[in-house]
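Me: I would like a close look at a single part of this model, followed outward into what surrounds it. Please take it slowly and keep the reasoning connected.

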Amino acid sequence: MSLRDWLDRRAGGADRLYDRVVRPLDDAGLDRFRDALVADLRGRVLELGCGPGAAFAHYPPGVQVTALEPEPAFRAAAVARAALAPADITVLPGDAHDLPFDDACFDAVVAELALCSVARPDVVLAEVARVLRPGGELRLLEHVRHPSRPIARLQDALDPLWTAVEGRGCHLGRDTPGAVAEAGFTLESVAPVPMPPGAGWLFPIVTVRARRP
């Protein structure tokens, strides 16, 4: 049993664990960055790895959101939150490596604290580019590789232990903005998110905005 599975049981489920771990960050200011990331979106939006639906309350009315979540416990919590959201949100099971959608059918794709855990970010980003319309937006809120080389090396050193105990594929130091650029997107902004003291050195979080050419 991984540490994450043990914590899930102690916390009463993956959705409650997520709330216990991430909600303090939201209360400390992360929630306003979720709002800024999605509040002005329009049209058809795809959210990858929506977890228990922490972003749902921030989507504006009139947006059609399709949210994918592979984990049943998170998905059940997301369905409940979707029913209370101002936007029209449909929650589905799905794998971001093989998106079950037509080409160029979304105006925007959103992921929050999700690309750290996918097995092949390059494959996921290729799928994102496929389902986005030309000029469509990719918006991310992700924890990433630290800009300081010594801390980035520490992330690398700790990553095998972290992924083993975390149990769901999360990696400490992925260069997600670099991966987005390598996938052919045009980067428009990469902005650091202020974190509570003690959290930002190992888990720096950024928002990323990019477009499909």
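**A strand and its surroundings**

Reply: Strand β6, which spans residues 186–193, runs antiparallel to strand β7 and is joined to it by 7 bridges. As an example of how the two are matched, P192 has V206 of β7 as its bridge partner. Since this is a predicted model, what follows describes computed geometry. I take β7 as the part to examine, and work outward from there.

Strand β7 covers residues 205–211, and 5 of its 7 residues are buried, so the strand is largely enclosed by the rest of the structure. Besides β6, strand β7 has strand β5 (residues 132–143) as a partner, and this pairing is also in the antiparallel sense, over 7 bridges. Here R139 has R209 of β7 as its bridge partner. In general terms, strands of a sheet pair through backbone hydrogen bonds, in either a parallel or an antiparallel sense.

The sheet as a whole is open and has 7 strands, with mixed pairing, in the order β3-β2-β1-β4-β5-β7-β6, which places β7 between β5 and β6. The edges are formed by β3 (88–92) and β6, each of which pairs on one side only. Averaged over the sheet and ignoring direction, neighbouring strands are turned by 15° against each other. A parallel pairing within it is that of strand β1 (residues 44–48) with strand β2 (residues 64–68), which extends over 5 bridges; in this pair, R44 is matched with Q64 of β2.

Helix α4 (residues 121–131) lies across β1, β4 (106–112) and β5, and runs at about 145° to β5, the strand that β7 pairs with. This brings us to the largest nonpolar core, which has 27 residues, and in which L46, L48, L138 and F185 touch the most other members. Two or more residues of this core come from each of β1, β4, α4, β5 and β7, and α4 gives the most, with 5 residues. The contacts of L46 illustrate this packing: leaving aside residues up to four places away in sequence, L46 touches T66, L68, L99, F101, F106, A108, V109, V110 and V131. There is also a second, separate core of 25 residues, and C50, A55, A67 and A108 are among them.

Burial can be followed in a helix as well. In helix α3 (residues 72–82), the residues F74, R75, A77, A78 and A82 are buried. Viewed down the axis of α3, these buried residues fall within an arc of 165°, and they therefore line one face of the helix.

Some loop residues next to the strands of the sheet also deserve attention. H146 sits in the loop between β5 and α5 (149–166), and it counts as buried because its relative accessibility is 16%, where the cut-off for buried is under 20%. A polar atom of the H146 side chain lies 3.0 Å from the backbone nitrogen of S148. Two other loop residues have a positive phi although neither is a glycine: for A104 the angle is about 50°, and for L113 it is about 55°. A104 belongs to the loop between β3 and β4 and is partly exposed, with a relative accessible area of 37%. L113 lies in the loop between β4 and α4 and is likewise partly exposed, at a relative accessible area of 22%.

Definitions and conventions. Residues numbered from 1 in each chain as written. Predicted model: local features only at pLDDT ≥ 70, side-chain atom pairs only at ≥ 80, totals over all residues. Heavy atoms only, no water. Buried < 20%, exposed > 50% of the residue type's maximum accessible area, 1.4 Å probe, protein only. Helix = DSSP H or I, 4+ residues; strand = E, 2+ residues; numbered from the N terminus. Pairing = 2+ DSSP bridges. Axes fitted to C-alpha atoms, helices over the stretch in contact; angles between N-to-C directions. Contact = heavy atoms within 4.5 Å. Core = buried A, V, L, I, M, F, W, Y, C linked by side-chain atoms within 4.5 Å. Arc of directions from axis to C-beta. Polar contact = N/O pair within 3.5 Å; in protein donor to acceptor, adjacent residues only side chain to side chain.
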